[in-house]
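Let's take a walk through this one together. Have the sequence and the 3D view open side by side, and we'll go piece by piece.

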Amino acid sequence: CYLEGAWTESQDKIAEPFASERHHIDADSWMDLHQKMNFIVNSGQKNNLENLPMLPTAFRAMKDGNDTFEPVVGQWFYRIACKRLENDLPLSRMRVVNDVHNQFRQSKPSTLEQLKSTRSPVYEFNPTADAYYDPVDPWPKGKWQRDFLDYFMGQLPGFDGPKGDLQDAAFGYNVVNESGDRLNTAYYTRYFSLAKKDAMGNTGRKRSFNDGFLFAAQTTNKKVSPQTVCAEFDGEFIDQMTADDKLRMTECESRSKDDCDIE
């Protein structure tokens with residue numbers, strides 16, 4: 001199972017993000033949820049049944065009206081989704097993360113081996129790709145790009161579902177995989193390449209910057225909060241709409257930047 005999130009179009013009514021036998025959102029509207037969470041944060045209290053999630057809002061854009069600018073509000077949404085993997089995930093690749101907080105939170109400090117027998121530890125996977133993995137080798141200490149985790153995350157679809165098939169062509173450059181083939185960005189990825197080198201002579205990219213556990217998927221889901229930018233490439237202006245996990249591109253009717261219609 002994996003945790004999936006996005007900025008969505010703000011609505012009055014709250015929709016349960018996923019089915020749960022234990023929890024539900026104990027609020028009638030987003031405003032109700034924000035007021036309750038604001039009180040909890042400032043009072044130090046808590047909801048005994050733990051049914052009040054922290055789901056922030058953000059100003060995603062400014063909508064140009066006739067005489068005023070109206071803020072476009074995005075609402076954070078998350079869900080827990082599950083999918084059966086194509087291959088076995090060996091437990092031998094897992095190890096307990098060195099977590100000082102968990103080791104010292106009890107009256108008597110715990111070793112990593114002792115922590116393993118409790119419900120507290122956090123685990124990480126050996127990132128070595130299958131072609132180079134040897135169970136008897138020490139845990140790798142060097143930096144990796146596309147690794148073991150990328151292989152499994154690439155099997156998980158975004159909000160378009162398992163039939164999703166999308167191409168990221170942001171700023172006029174088609175995204176490809178490490179082999180130079182078309183990359184289906186409707187599935188979760190983080191590493192990608194471009195056919196054209198950047199100003200530093202590089203073609204490789206990583207969406208999640210230094211976050212080792214963040215992946216992104218493209219979507220056409222209209223509930224995802226969009227952003228728009230007018231960009232120029234090859235002497236033409238385009239109206240390009242993007243979102244946190246959506247990168248769509250359409251041509252402007254006008255070739256003039258001043259006439260590029262952005263909403």
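Start with the cysteines: C1 and C82 are joined in a disulfide, with 1.8 Å between their sulfur atoms. That falls inside the 2.5 Å cut-off for calling a disulfide. Keep in mind that you're looking at a predicted model. If you go hunting for further links of this kind, a search of the whole structure turns up just one disulfide.

What does this link tie together? C1 sits in the segment ahead of β1 (2–9), while C82 is in the loop that runs between β3 (69–81) and β4 (94–96), so the bond connects parts lying 81 residues apart in sequence. Now look along the S-S bond: the angle about that bond is 95°, and the C1–C82 link is right-handed. Are the two cysteines buried or exposed? Both C1 and C82 are exposed.

From there, move on to the sheet. Three strands make up an open sheet, and reading across gives the order β1-β3-β2, with antiparallel pairing. β1 and β2 (57–64) are the edge strands, and each has a single partner, so each is left with one side that has no neighbour in the sheet. Going from one strand to the next, the twist averages 30°.

For a closer look, pick the pairing of β2 with β3. These two strands run antiparallel to each other and are paired over seven bridges. A handy spot to find by eye is A61, which stands opposite V72 in β3.

Methods: Residues are numbered from 1 along each chain as its sequence is written. This is a predicted model: local features need pLDDT of at least 70, side-chain atom pairs count only at pLDDT 80 or more; totals for chains, interfaces and linings use all residues. Side-chain values use heavy atoms; hydrogens and water are left out. Helices (H or I, at least four residues) and strands (E, at least two) are DSSP runs, numbered from the N terminus. Buried means under 20% relative accessible area, exposed over 50%, partly exposed in between (1.4 Å probe, protein chains only). Two strands pair if DSSP finds at least two bridges between them. Axes are lines fitted to C-alpha atoms, for helices over the stretch in contact, and angles run from 0 to 180 degrees between N-to-C directions.
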